[in-house]
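User: I've got a protein on the screen and I'd like to talk it through before I head back to the bench. Can you take my questions one by one?

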Amino acid sequence: MNRVYVCSCFGITEQQVKQHADSGACSPRKLASACKAGTDCGSCVKRIQALLGRTAAPVAEPATARLAATDEPMAEAA
């Protein structure tokens with residue numbers, strides 16, 4: 001069995017994160033309460049968020065989508 005460690009501080013693997021998520025620890029805070037992952041050095045928090053389907057920051061909306069949402073026509077380049 002290939003073990004991929006997510007949290008080296010507490011020896012938590014990807015499989016354990018997924019098991020805790022299946023048991024209801026569906027946020028980084030709940031996961032930390034369940035197994036301490038992410039509570040020591042913090043280097044695993046982004047990976048934990050990714051495994052739980054969360055991102056650290058909202059994804060920026062593409063500029064083309066913002067332009068399409070406005071009713072104003074774009075000025076032509078001279």
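Analyst: Sure, here are questions and answers on this model, which is a predicted one.

User: Let's start with the layout: what pattern does the protein follow along the sequence?

Analyst: The protein has four helices and two strands. Reading along the sequence, the order of those elements is β-β-α-α-α-α.

User: What percentage of the residues in the protein are buried?

Analyst: The protein has 78 residues, and its accessible surface comes to about 6100 Å². Carbon and sulfur atoms own 51% of that surface. As for the buried residues, their share is 21%.

User: Which residues of helix H2 are exposed?

Analyst: Start with the buried ones: in H2, which spans residues 28-35, these are Leu31, Ala32 and Cys35. They cover an arc of only 105° around the axis, so they sit on the same side of H2. Go to the other side of H2 and you find the exposed residues, Arg29 and Ser33.

User: And what covers the buried residues of H2?

Analyst: Take Cys35 as one example from that buried set: not counting residues up to four places away in sequence, Cys35 touches Phe10, Ile12 and His20. For the buried residues of H2 together, the cover includes strand S2 (12-13), helix H1 (14-22) and helix H3 (45-51).

User: Which residue follows H2, and what is special about its phi?

Analyst: H2 runs over residues 28-35. The residue after H2 has a positive phi, near 75°. That residue is Lys36.

User: How many residues are in the largest nonpolar core?

Analyst: Nonpolar side chains tend to be buried together in soluble globular proteins. Here the largest nonpolar core includes Val6, Cys7, Leu31, Cys35, Cys44 and Ile48. Strand S1 (5-7) and H2 each supply at least two residues of this core. The full residue count for the core is 11.

User: I see plenty of cysteines, so to speak. How many disulfides are there?

Analyst: A disulfide is a covalent bond between the sulfur atoms of two cysteines. To count as one here, the two sulfurs have to be within 2.5 Å. The search of the whole structure gives a total of zero.

User: Which cysteine has the sulfur nearest to that of Cys41?

Analyst: Cys41 is exposed, with a relative accessible area of 53%. Cys41 is in no disulfide, and the nearest cysteine sulfur is 3.7 Å away. That sulfur belongs to Cys9.

User: Why is Cys44 not bonded to Cys7?

Analyst: Cys44 is buried, at 4% relative accessible area. Cys7 holds the closest cysteine sulfur to that of Cys44, but the gap is too far for a bond. That gap is 4.0 Å.

User: What distance separates the C-alpha atoms of Arg3 and Glu14?

Analyst: Arg3 lies in the segment before S1, while Glu14 is found in helix H1. The two are 11 residues apart along the chain. Their C-alpha atoms are separated by 7.5 Å.

User: Of that pair, is Glu14 buried or exposed?

Analyst: Arg3 counts as exposed, at 55% relative accessibility. Glu14, on the other hand, touches Val4, Val6, Arg47 and Leu51, leaving aside residues up to four places away in sequence. The relative accessible area of Glu14 is 17%, and the cut-off is under 20%. Because of that value, Glu14 counts as buried.

Note on methods: Residues numbered from 1 in each chain as written. Predicted model: local features only at pLDDT ≥ 70, side-chain atom pairs only at ≥ 80, totals over all residues. Heavy atoms only, no water. Buried < 20%, exposed > 50% of the residue type's maximum accessible area, 1.4 Å probe, protein only. Arc of directions from axis to C-beta. Contact = heavy atoms within 4.5 Å. Areas by Shrake-Rupley, 256 points an atom, 1.4 Å probe, with all protein chains shown as cover. Core = buried A, V, L, I, M, F, W, Y, C linked by side-chain atoms within 4.5 Å.
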